[in-house]
Amino acid sequence: MNISSKLQDDDRRSAAIRDLNDQFRRSLVGGSLILTASIIALGSDHQALIIAAVQAFDAFTADNDPYGEHDFGSLSVVGEHIFFKIDYFDLTRAMHSPDAVNVSMTERVLTIMLASDY
């Protein structure tokens, strides 16, 4: 395999992961959602606003998304600086998934936290 083919394969893989991440983040179907204790402490009204903002987030750039997978975001909602992160686990959530593109062996986990939690 030459370098050009390898780069094209990597680009296709990143695009597939990006599509799966976007579908999951927007719908919250196909994985698990985790809110940190500090997000929960904000109350249900703020939680709903934060989750909706994460679902609508589309400000991905080469600076904040260098691999093009849409797996991390930073935004401000109701005066709070929020981070979200999507991780890929095996179906038992004991280890990272061996193949983040293969939905039959991957559970996506979206964690939403205050930036200060990080």
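The four strands of this protein chain form an open sheet in the order β1-β4-β3-β2, and the pairing within the sheet is mixed. Because β1 (31–35) and β2 (72–77) stand at the edges and each has a single partner strand, one side of each is left without a neighbour in the sheet. Averaged over the sheet and with direction ignored, neighbouring strands are turned by 20 degrees against each other. The model described here is a predicted one.

As background, strands of a sheet pair through backbone hydrogen bonds, and the pairing may be either parallel or antiparallel. In this chain, strand β3 (residues 80–89) and strand β4 (residues 107–114) run antiparallel and are joined by eight bridges. To look at one position, D87 has V109 in β4 as its bridge partner.

Beyond the sheet, the protein chain also holds helices, with three helices and four strands in total. Read from the N terminus on, these elements follow one another as α-β-α-α-β-β-β. Helix α3 (residues 44–56) lies across β1, β2, β3 and β4, and this helix runs at about 135 degrees to β2.

Two loop residues deserve a closer look, since their backbone angles and their surroundings can be described together. H70 is found in the loop between α3 and β2, and its phi is positive, about 50 degrees, although H70 is not a glycine. R93, in turn, is found in the loop between β3 and β4, and its phi is near 60 degrees, again a positive value in a residue other than glycine. Are these two residues buried or exposed, or do they fall in between? H70 has a relative accessible area of 14%, and because buried means under 20%, H70 counts as buried. R93 has a relative accessibility of 42%, which lies between the limits of 20% and 50%, so R93 counts as partly exposed.

The table below gathers some values for the whole protein chain.

| Property of the protein chain | Value |
|---|---|
| Span of the C-alpha trace along its principal axes | about 50 × 30 × 25 Å |
| Buried share of the 118 residues | 38% |
| Exposed area | about 6900 Å² |
| Share of the exposed area from carbon and sulfur atoms | 56% |

Contacts in the protein chain can also be sorted by sequence separation: among those between residues at least 6 apart in sequence, 58% join residues at least 24 apart. As for charge, the protein chain has 9 positive and 17 negative side chains, and the centres of these two sets lie 5 Å apart.

Conventions. Residues numbered from 1 in each chain as written. Predicted model: local features only at pLDDT ≥ 70, side-chain atom pairs only at ≥ 80, totals over all residues. Heavy atoms only, no water. Buried < 20%, exposed > 50% of the residue type's maximum accessible area, 1.4 Å probe, protein only. Contact = heavy atoms within 4.5 Å. Areas by Shrake-Rupley, 256 points an atom, 1.4 Å probe, with all protein chains shown as cover. Lys, Arg positive; Asp, Glu negative; His and termini not counted. Charge placed at Lys NZ, Arg CZ, Asp CG, Glu CD. Pairing = 2+ DSSP bridges. Axes fitted to C-alpha atoms, helices over the stretch in contact; angles between N-to-C directions.
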